[in-house]
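Student: I should like a close look at a single part of this structure, treated in one connected account. Please take one strand and follow it outward to its surroundings.

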Amino acid sequence: MATLGHDQSGGARLGAPLVEVRKVTVAYPVPGGGGNVALSEVSLTVTEGEWLCVIGHNGSGKSTLAKLLNGLLIPGRGDVLVAGLNTRETALHRAIRQVVGVVFQDPEDQIVATLVEEDVAFGPENLGLARDEVLTRVQGALDAVDAGALRLRAPHQLSGGQKQRVAIAGVLAMRPRCIVLDESTAMLDPEGRREVLDVVTRLQAGGTTVVQVTHFMSEAALADRIVVLSEGRIALDGAPREIFGDRERLRALDLDVPPVAQVAERARALGVGVRGLPLTVGEFVAALR
Amino acid sequence: MNEIIVEVKDLWHWYLRGTPLETVAVQGVGLELRSGDLAAIMGHTGSGKSTVVQHLNGLLRPHRGSVRVFGQDLGDRRTDARALRRMVGLVFQLPEQQLFDPTVGDDIAFGPRQLRCPPEEVRRRVRTAMERVGLGFDAYKDRYTFGLSGGEMRRVALAGVLALEPRLLVLDEPTAGLDPRGRAQLLGSIRALHAEAGMTVVIVSHDMDVVAELARTVWVLAGGRTVMHGGVREIFARVDELRELRLGIPQVSELAHELRRAGHQVRTDVLTANELAEALWTNSTSRAG
């Protein structure tokens, strides 16, 4: 894949905090008065270079959290710092959105132009970059999502997976250090999901921080770290193996382990020798005695 | 054998027919549904499945070939599609986006009121429909529609279709975007509609796990044609063909196939984690013996 070259002004340091969510509370107004609390005193640090998955039921606060990460939503209480910049400062939003880019569930919601290359160029053009620099970024971003051949196509002619990859390219053209995917594979068919996951895997290997909100436990199993939200609070936070190993807590949260781990669990209950806690097909094959 | 209620023969349909942008969406699809079926139509994005489904209640008319639903010929211009729509309930993708009434009960009552049912009949239909989808009438009828969770809103939308008391229910991507709990509840409702209310149900999906969990018979479309048809177990055992059609297979089937490839003599026509665990147990005991 093409090297994306993160914006070096902030300097990408693997392992350092990139986004800090500090005791954040968000409440949405409800007709008839009162407020519906979406997040309650949530603190979370996203580390540079990690692949973090956020899981939880609808209404647990996942999408609210995603929107906080680049200032699309400003917390009622608490602060969100992106590379040290507080999202409360409207004047910093431009800088913040160059650090963290968000991709939503429905690619139709975020494609603005009539040609793929124009759509991907929209962000960098708005930064006022020189034409050559815009073209370089567009090419780099499309190559990164394996969509170079789609450059002159109209977005409405693309498949769901292709559209979502173009939407990701639009975010990558801003050269963010962190990309947030808010259920970006939910509407896609199996091939589209695989395409997007392949892109995410490559980006993360290239040093981009990934925050992925998902309902698919099999996707969460691939991440470095999982945060489980429940009723606006962080219920669990750890490596996939720790999270999926805590069966009781998961059951209490009405969540399940990935299908592969379910097979392992049931096979073991029948007395079949399966070592450890396999989370992927490959791990299961290796774990079967 | 139960009576045939849907018979599609050599169906062809073009979009933008007669213009330079004419594209063929469906070219020779055949399928048959019998009363009491719990069937799935699956296919990759662009396979023609949504186009076929829109013929089932006369939203589209065949350009070539024939579509007969409950004995009515959709190719005949004199066929009253509106009457057919009362017998065939079509639940679109993301149907919660079509909810419009602030009160749950009134939203569901919209259809029966349009049919000029008397008030007590409207009430009976709304109550029955809500109970069928697991939304208690008294608990939910006066709730604010747009304050519900995503899974609840989807069940309200389904209840709105059920209140028309259709004989055939067609659901396009019924679980897309739902969280694990919402998904399990909706699948439970669909299963109960089939088993207890005797509804004939067709789901259209590219989520192989949903198809494996729910359907008994499967029709696979590709490139606007019917390419596979059979029992769900038989279809998912044909893994190479499905991969070639870029459809993928349920995770549990994939695991069974990989185990077999690694030399384990397990059945590959399994659909659930329990079945695969049992197959592994059978294999381990036969080796031991």
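Tutor: The domain bounds used here come from an automatic or database domain assignment, and the model itself is predicted. On that assignment, chain B consists of domain 1, residues 4–249, and domain 2, residues 250–289.

The part chosen is strand 9 of chain B, residues 217–222, in which six of six residues are buried. In a regular strand, side chains alternate between the two faces of the sheet. In strand 9 of chain B, T217(B), W219(B) and L221(B) lie on one side, V218(B), V220(B) and A222(B) lie on the other, and all of these are buried, which leaves both faces covered.

Strand 9 of chain B has pairing partners as well. With strand 3 of chain B, residues 38–42, it pairs in the parallel sense through four bridges; within this pairing, A39(B) has T217(B) as its bridge partner. With strand 10 of chain B, residues 225–231, the arrangement is antiparallel and comprises six bridges. There, T226(B) of strand 10 stands opposite L221(B). Strands 9 and 10 of chain B form a hairpin with two residues between them, and G223(B) in the turn adopts a positive phi of about 55°.

The surroundings may now be widened to the boundary between the domains of chain B. The centres of domain 1 and domain 2 of chain B, taken over C-alpha atoms, are 33 Å apart. Nine residues of domain 1 of chain B make contact with eight residues of domain 2 of chain B. On the domain 1 side, helix 8 (208–214) and helix 9 (232–237) of chain B each contribute at least two residues, and helix 9 of chain B provides the largest share, four residues. By class, this side of domain 1 of chain B has seven nonpolar residues, two charged residues and no polar ones.

A further boundary is the one between the chains, where 35 residues of chain B and 33 residues of chain A take part in the contact. Helix 6 (150–162), helix 7 (180–195), helix 11 (251–261) and helix 12 (273–288) of chain B each supply at least two residues to the side that touches chain A. Helix 12 of chain B gives the most, with eight residues. The side of chain B that touches chain A is made up of 14 nonpolar, 15 polar and six charged residues.

How values were computed:
Residues numbered from 1 in each chain as written. Chains lettered and ligands numbered in written order. Predicted model: local features only at pLDDT ≥ 70, side-chain atom pairs only at ≥ 80, totals over all residues. Contact = placed C-beta atoms within 7 Å. Nonpolar A, V, L, I, M, F, W, Y, C, P; charged D, E, K, R; others polar. Buried ≥ 20, exposed ≤ 12 C-beta atoms within 10 Å, placed from the backbone. Pairing = 2+ DSSP bridges.
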